[in-house]
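I am opening a notebook page on this structure, and I want to look up how its strands pair before I turn to its pockets.

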Amino acid sequence: KDEPLDVTGKIVISYSDITFNRADNIMSGKCAITNTSGDTLATPMRLVIENISDSSVAVANADGITEAEKPYFDFSELLGDDNELLPGERTEKKVVQFRNPDKVRFTWDKSVWAAVK
């Protein structure tokens, strides 16, 4: 199995349908990853969330935690039957959620890790 590498410079992340549910203090958005490189990217593909700017905010629906204890969203199942994201291809959208009890504006850093073929 190919070891995942940091491919953040090879992709573009797009967000849509961002909402905030005041009843449960959850910000939700749909996220897709586009391969802007000449390389084929493959599973595993994970969007890792790092350095959230406000300590009261946390990822609400992570698929897992990295060895460095960072939450991630797994995009592997969105790569299709071939388990690859060819140059120019885009994944389906995945819902990402953050719990924001203090209703603060916040930012976060992200990286994408995937196998490169």
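I began with strand 5 and strand 9 (residues 94–99), which pair in the antiparallel sense over two bridges. I keep in mind that this is a predicted model. Looking for a single pair of partners here, I found that A58 has R99 as its bridge partner in strand 9.

I then asked which strands make up the open sheet, and in what order they lie. Four strands form this sheet in the order 2-3-9-5, and the pairing is antiparallel. At its edges I noted strand 2 (11–21) and strand 5 (58–59), each of which pairs on one side only.

Next I looked up strand 10 (residues 109–116), to which strand 1 (residues 5–6) is joined by two bridges, with the two strands running antiparallel. In this pairing I saw that D6 stands opposite W113. Strand 10 is also joined to strand 4 (residues 41–50), this time by eight bridges, and these two strands run antiparallel as well. Here I wrote down A115 in strand 10 as the bridge partner of A42.

Last, I turned to the largest pocket, for which I noted a volume of about 270 Å³. Which residues line the largest pocket? I listed P4, R46, V48, I65, T66, E67, A68, Y72 and W113. Sorting this lining by class, I recorded six nonpolar residues, one polar residue and two charged residues. I marked W113 on my page, since W113 belongs to the lining of the largest pocket and stands opposite D6 in the pairing of strand 1 with strand 10.

Notes:
Residues numbered from 1 in each chain as written. Predicted model: local features only at pLDDT ≥ 70, side-chain atom pairs only at ≥ 80, totals over all residues. Heavy atoms only, no water. Pairing = 2+ DSSP bridges. 1 Å grid on protein atoms, 1.4 Å probe; cavity = no way out; pocket = protein on both sides within 12 Å on 5 of 7 lines; lining within 4 Å. Points joined across faces, edges and corners; volume = space filled by probe spheres on them. Nonpolar A, V, L, I, M, F, W, Y, C, P; charged D, E, K, R; others polar.
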